[in-house]
Amino acid sequence: MGSGLKKYLILLSISSLFAGDQGSSIHWTVLSIGLMGGLSLFLYGMEKMSHGMKLAAGNKMRRILANLTKNRFIAMTVGAVVTMIIQSSSATTVMLVSFVQAQLLTFGQSLGIILGADIGTTFTAQLIAFKLTNYALLMITAGFALTVWSRKDSYRALGETILGFGILFFGMKLMSDAMVPLRTYAPFIDILKTLENPLYSIMIGTIFTALIQSSSAFTGIIIVMSQQGVLTLEAGIPLIMGANIGTCITAGLASIGSNREAKRVAMAHVFFKIGGVLLFVFWIPAFVKLVQMVSPVSSLTGAEKLAFETPRQIANAHTIFNISLAFIFLPFTQFFAQGIKRIYPVLKQEKAARTLILHLDEKQIAQPALAIHLAQAELSTMVKILNRMLKTVILPFLDGGIQKDKKLPYLSIDEGLELREKKIDFLEEKVTHYLIQISRQELDQEQAGQVYAMMSIVKDMESIGDIVDKNFRPLIRKNRNLEFSFSKEGKEEIKAYHTKVMKQTSRLSRALAELSFEMARKIMSKEEKYRTLESKLRISHFERIQGENAKSIKTHEIHMELLDLLKQINVYLANIAKTITNIKK
């Protein structure tokens, strides 16, 4: 039969579904309302369940991802577990992007977590395959009771999760009941038979999943259809494959307008899914036999046998497909990472004068745990800018011949400091606004504490930038007009004290990126030692003046002010560290 004739027959069969003479026994309006209402409840239940799980575990998930991704196999396991808990591979991907940007893990390491996240999404399908629809109203009742009457945030989050599960399964029941008349409706059964053509099924699965933006939801629909005994495993597997491709479109859309790292993660997701489908599509019959071997069987016959066996078989096929992809691609993640970097390389010459928001994502405001982490990553960016400013600001005092910014040689030192101070002011405004938006969401006590602590940290960072702009820059110009430079001893002391302050900024960078209480406490203890050191250096300078050291006398005012400014920065760094120690992990 030619492909043109086959397509015509398919269209004819579809149109016949709505023909009054063939479908007079089916109330299409009632059926459509049941399907659409059931699907709406299903999607809402998934969203409710996912939100509850994020509230219960969101803060812990980002720390797990940060700490347990050194080994690619562990990374895959972590990705699976995290996605299984928060029920969102997209949320896992967002966390991955921010960790790569914050340099807590490499892009290559993130690929293992992506593969694991794909395994985690199959958990929902396995749950759906259990026929829990009869208990849907019980779950709704229990979840509602916990949500409304519990005083603890953790119990309310658990209640919201159970409520979501109940609504999800109730939606499934509505769809299942609505489809009962189609069991014996010949035109509909004929259309389902055409789905055994892998090309058509993959296309339908891809398009439908892209439209509803959820591979788990489409997998649920497939399982509901199979529970009616009208869908075979041969048709279900390519639909599942299409759903796996369709879910990549969501990641692709999310990466539009984002930075290069986000686009790479989305590209890797697409590559893994399409590559996996191409590997499996040519041996679907063998795959069907494998799934049937590992799935339960019954002694029933006909549609009843399909209704009993196929839902679990489809769920198992979904799981086996994603686990197989993970173990096929996992040994080659570094190879794939290099390939994707060649396809989408790092820009070697970024316009340094451009102020960029690297991490903040307005779309994640509604997910406080993720949004807080993105704000934390942006604070790490501010620390890096401050670190560059503080490295540069001392150079004119130690070597008057240096007039150009080392990082941006087309700028003078003064222009480079001004540029970075403007970046700090810009980021301070944007991060503060972002944190205020987060504070308006539904936060638990821990999250609220994190938000207000970060607001304080942002303000202290902006104050350090102001010291450089309003005090150091005029002092540099004043020093340039002097005929004398610091004495040899004075220069060595200034250099030594500046080195101590730079070590503090390095410690702060680590403390903030990892929320390390230990490193924050070390900053605080060092601040006290450095304050004592600053006093000793002042005494040493006064002794040189009493000894009538000409250079020390001429540079006295600048020397004293320089020590005082470095001390002020040291105090601000310690204040930030103290704020970090007050954040509950």
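**Exercise 1. Locate serine 295 and describe its surroundings.**

Solution. Serine 295 sits in the loop between α14 and α15 (302-329). The coordinates belong to a predicted model. Next comes accessibility: the relative value for serine 295 is 8%. Buried means under 20%, so serine 295 counts as buried at 8%. Then the polar partner: the side chain of serine 295 reaches the backbone oxygen of valine 291 at 2.6 Å. Last, the contacts: leaving aside residues up to four places away in sequence, serine 295 touches Arg312, Gln313 and Asn316.

**Exercise 2. Classify the ring pair of phenylalanine 329 and phenylalanine 336, and place both residues in their cluster.**

Solution. Two quantities are needed, since a pair of aromatic rings is described by the distance of the centres and the angle of the planes. The whole structure holds 14 aromatic pairs. For phenylalanine 329 and phenylalanine 336, the ring centres are 5.4 Å apart and the planes stand at 75 degrees, so the pair is edge-to-face. The cut-offs behind this step are centres within 6.5 Å and, for edge-to-face, planes over 60 degrees apart.

Accessibility is then read for each ring. Phenylalanine 329 has a relative accessible area of 7% and is buried. Phenylalanine 336, at 13%, is buried too. Finally, Phe329 and Phe336 belong to one aromatic cluster that also includes Phe271, Phe272, Phe332 and Phe335.

**Exercise 3. Place phenylalanine 282 in the chain and state which surface feature it helps to make.**

Solution. Phenylalanine 282 lies in the loop between α13 (260-280) and α14 (284-294). Its relative accessibility is 71%, and phenylalanine 282 therefore counts as exposed. The surface feature is a nonpolar patch of about 570 Å², made by Phe282, Trp283, Leu290, Met293 and Val294.

**Exercise 4. Analyse the salt bridge between lysine 305 and glutamate 309.**

Solution. The starting point is that side chains of opposite charge can pair when their charged atoms come close. A search of the whole structure gives 15 salt bridges. In the pair at hand, the side chains of lysine 305 and glutamate 309 meet at 2.7 Å, N to O. The sequence spacing comes next: lysine 305 and glutamate 309 are four residues apart in helix α15, which means that about one helical turn separates them. The two ends of the bridge have unlike accessibility classes: lysine 305 is partly exposed at 27%, whereas glutamate 309 is buried at 9%.

**Exercise 5. Work out which helices are joined by the salt bridge of glutamate 418 and arginine 473.**

Solution. First the distance: the closest N and O atoms of glutamate 418 and arginine 473 are 3.8 Å apart. Then the elements: glutamate 418 is in helix α19 (residues 413-439) and arginine 473 is in helix α20 (residues 445-480), so the pair ties together parts that are 55 residues apart in sequence. As for accessibility, glutamate 418 is partly exposed at 29%, and arginine 473 is buried at 10%.

A further salt bridge gives a case within one helix. The side chains of lysine 470 and aspartate 466 meet at 3.7 Å, N to O. Both residues lie in helix α20, four residues apart, about one turn of the helix. Lysine 470 counts as exposed at 55%, while aspartate 466 counts as buried at 18%. The last step is to follow shared partners: salt bridges join Asp414, Glu418, Lys422, Asp469, Arg473 and Arg477 into one network.

**Exercise 6. Compare the sequence and space separations of isoleucine 323 and glycine 120, then give the totals for the protein.**

Solution. Isoleucine 323 is in helix α15 and is partly exposed, with a relative accessible area of 32%. Isoleucine 323 and glycine 120 are 203 residues apart in sequence, yet their C-alpha atoms are 9.5 Å apart in space.

The totals follow.

- Among contacts with a separation of 6 or more, 80% are between residues 24 or more positions apart.
- The protein has 24 helices and zero strands.
- Of its 585 residues, 53% are buried.
- The exposed area is about 27200 Å², with carbon and sulfur atoms supplying 61% of it.

Notes: Residues are numbered from 1 along each chain as its sequence is written. This is a predicted model: local features need pLDDT of at least 70, side-chain atom pairs count only at pLDDT 80 or more; totals for chains, interfaces and linings use all residues. Side-chain values use heavy atoms; hydrogens and water are left out. Rings of Phe, Tyr and Trp (its six-membered ring) pair if their centres lie within 6.5 Å; planes under 30 degrees apart count as stacked, over 60 as edge-to-face and the rest as tilted. Buried means under 20% relative accessible area, exposed over 50%, partly exposed in between (1.4 Å probe, protein chains only). Patches are made of residues with over 30% relative accessible area and no salt bridge: like charges are joined within 9 Å, nonpolar side chains (Val, Leu, Ile, Met, Phe, Trp, Tyr) within 5 Å. Accessible areas come from the Shrake-Rupley method with a 1.4 Å probe; for residues, only the protein chains shown count as cover. A salt bridge is a side-chain nitrogen of Lys or Arg within 4 Å of a carboxyl oxygen of Asp or Glu. Helices (H or I, at least four residues) and strands (E, at least two) are DSSP runs, numbered from the N terminus. A polar contact is a pair of N or O atoms within 3.5 Å; within protein, one must be able to donate a hydrogen and the other to accept it, and residues adjacent in sequence count only if both atoms are side-chain atoms. Contact means heavy atoms within 4.5 Å.
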